[in-house]
Structure formats: C-alpha cells, structure tokens
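Subject: Handover of a protein structure

Dear colleague,

Please find below the structure that I am handing over to you. My findings follow it.

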Amino acid sequence: MPPPTPAPVACPPRGAPLVRVTISDPDVRVLAPVSADELRRMADVPEEVSHDTVLHHLGLTLSRVEWRSEITVRSQGLSGGPVCGVPSEVRLSLVHAEHSIRLAREVPRNGCLAREVLAHERRHAELNRRTLRDAADGLRQAARSWAARARAEAPDAGAAALLLQEDLTAAVEPVLARLRAAREAGHDAIDTPQEYQRLGRVCPTDQRRLSARLRAH
C-alpha cells in the first residue's frame, strides 16, 4: 500500500500583519562636469548616431533604485518539522542608491545655456522622485494584499522564511515593472524633438562658444 498522505500542517494565527514601507530619497547631486563624449558613453548612445544628437549629451541624469525587504515570520509545526509560516510583519524600503546630474564640460560654466540644460535635467530628476513615491504606494498595497494570504510549508522555520521571501519578491515585481515603465514614458515625454530644438535655439552666445569647443575636439 502507498504511504499515507501527510496531513496538512496547521498554520499559526495570522492576525493583522504589519506592513511598513519607507523611502530613502536624498536630494539629487549635481556632479562635476565631464566631456560630451563621456556623457554619450554613460548614456550608452551608439557612436554612429551621436553626431546628430549632440544636444542629448549636454546633460545626463542617472538614477538607480534598489528595494530591500525584511519579513518577520510566525511559524508552528512539529518539533522535527514540517512547519507552516506566515508573515507577522513586512518591512519594505525603496532606496535611491544613485541619483545625480552631470553637465557637459563644453557647456559654458554658470551661463545661460548651463542654466537651461540644468533645468531640463532637473525635470528628469523630479520625475524620478515622483515615480519613486508612487511606487512606494503601490508596494504598500501589494505587500498588504500579499501578507493577508501568504503562507509557506517547509521542513523548518528558516526554509519557510526563504519561501515567503521569494513569494514576496514575485508579488512586488509588477509594481517595480510599472515604476520602470512610468519612468521610461515620462522621460520620453521630456526628451521630445521640440525640447531639443528649443535647447538648440536658446542662449545664442553660449551656443556659439559651445559649437567652437565641440569642433575643437
């Protein structure tokens, strides 16, 4: 006869899991200028298209977001396992690990064009910060929904905690995907042909100095 199917492991009382979401979002840093060629490399723009898109490389905003989580697990089961674990507290943090602006060294320092390019890049930075706050709200909702139903059966409490961590990662990934998509769409809405045409017309004196410096390279 086949061995009897083990009875399901009883889970501990779930209660109302506590969910905390925090944001670490320092002010964007304006770093020392680098060459327009270096900005192009940092932006991963192919060499063959860079000549016609030089205005894209007068400034660059870089942003890198990380997320971190901690789960407190309540578990019960037989002394030798298996056990059932449920989350009693979930702590999530969104961290702007990198957020910086650089201007091209060829842009005349402290002039009209530098102010225009910096203002353009600050629009990108504000979009990054706004979408980060929106993502925090989405993470909170996703984590609360997940914590209300999450459970994991495993040989021991440590293995149950690992399973819950993997399950949480899958639950919040759609929120992070929406963050990435919202940023891409928002940056595209800022970097329009009309905006680059405008940046090519403003500050004519600085434009002439810029052109001379770029030709010198």
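Of the 217 residues in this protein, 37% count as buried. Please keep in mind as you read that the model is predicted.

**Overall form**

Six helices and five strands make up the secondary structure. Followed along the sequence, these elements come in the order β-β-α-α-β-β-α-β-α-α-α. The radius of gyration of the protein is 25 Å, whereas a compact globule of 217 residues would have one near 17 Å. Along the principal axes, the C-alpha atoms fill a box of roughly 85 × 35 × 25 Å.

Contacts between parts of the chain that are distant in sequence are well represented. Among the contacts with a separation of 6 or more, 79% join residues that are 24 or more positions apart.

The surface and the charges may be described briefly. The protein exposes about 12400 Å², and 53% of this area is supplied by carbon and sulfur atoms. There are 31 positive and 28 negative charges, and the mean positions of the two groups lie 5 Å apart.

**Salt bridges**

How many salt bridges does the structure hold? The number is 18. Three pairs and one network are described here.

The side chains of R64 and E98 meet in a salt bridge, with a distance of 3.8 Å from N to O. This pair links distant parts of the chain, since R64 belongs to strand β3 (residues 59-77) and E98 to strand β4 (residues 83-103), 34 residues apart. R64 has a relative accessibility of 38% and therefore counts as partly exposed. E98 is also partly exposed, because its relative accessible area is 29%.

A salt bridge also joins R133 and E126, whose closest N and O atoms are 3.4 Å apart. R133 is partly exposed, with a relative accessible area of 39%, and E126 is partly exposed as well, with 37%.

In the third pair, R140 forms a salt bridge with D137, and the closest N and O atoms are 3.1 Å apart. Where do these two residues lie with respect to each other in helix α3? They are three residues apart in this helix (residues 112-147), so about one helical turn separates them. R140 counts as partly exposed at 22% relative accessibility. This value can be read against the limit for buried residues, which is under 20% relative accessible area. D137 counts as partly exposed too, at 40% relative accessibility.

Salt bridges can also form a network, as they do among R20, E70, E89 and R91.

**Two buried residues**

Is S100 buried or exposed? With a relative accessible area of 3%, S100 is buried. S100 is found in strand β4. If residues up to four places away in sequence are not counted, S100 touches V28, R29, L31, L60, T61 and L62.

L210 is found in helix α6 (residues 204-216). Its relative accessible area is 4%, and L210 is therefore buried. Which residues are in contact with L210, leaving aside its neighbours within four places in sequence? They are L58, E106, V107 and L113. L210 and R105 are 105 residues apart in sequence, while their C-alpha atoms are 9.6 Å apart in space.

**Two residues with positive phi**

Two loop residues may be of interest for their backbone angles. N110 is not a glycine, yet it has a positive phi of about 60 degrees. The place of N110 is in the loop between β4 and α3. At 71% relative accessibility, N110 counts as exposed.

C203 is likewise not a glycine, and its phi is positive at about 55 degrees. C203 lies in the loop between α5 (193-201) and α6. Is C203 buried or exposed? C203 is buried, because its relative accessible area is 9%, and the limit for buried residues is under 20%. N110, by contrast, is exposed at 71% relative accessibility.

**Where to begin**

When you open the structure, you may wish to start with the salt bridge between R64 in strand β3 and E98 in strand β4. Next, you could look at S100, which is buried, and at its contacts, among them V28 and L60. Finally, you could turn to the two loops that hold N110 and C203.

Yours faithfully,

A colleague

Terms used:
Residues are numbered from 1 along each chain as its sequence is written. This is a predicted model: local features need pLDDT of at least 70, side-chain atom pairs count only at pLDDT 80 or more; totals for chains, interfaces and linings use all residues. Side-chain values use heavy atoms; hydrogens and water are left out. A salt bridge is a side-chain nitrogen of Lys or Arg within 4 Å of a carboxyl oxygen of Asp or Glu. Helices (H or I, at least four residues) and strands (E, at least two) are DSSP runs, numbered from the N terminus. Buried means under 20% relative accessible area, exposed over 50%, partly exposed in between (1.4 Å probe, protein chains only). The radius of gyration is taken over C-alpha atoms; the globule rule is 2.2 Å times the number of residues to the power 0.38. Contact means heavy atoms within 4.5 Å. Accessible areas come from the Shrake-Rupley method with a 1.4 Å probe; for residues, only the protein chains shown count as cover. Lys and Arg count as positive and Asp and Glu as negative; His and the chain ends are not counted. The place of a charge is taken as NZ of Lys, CZ of Arg, CG of Asp or CD of Glu.
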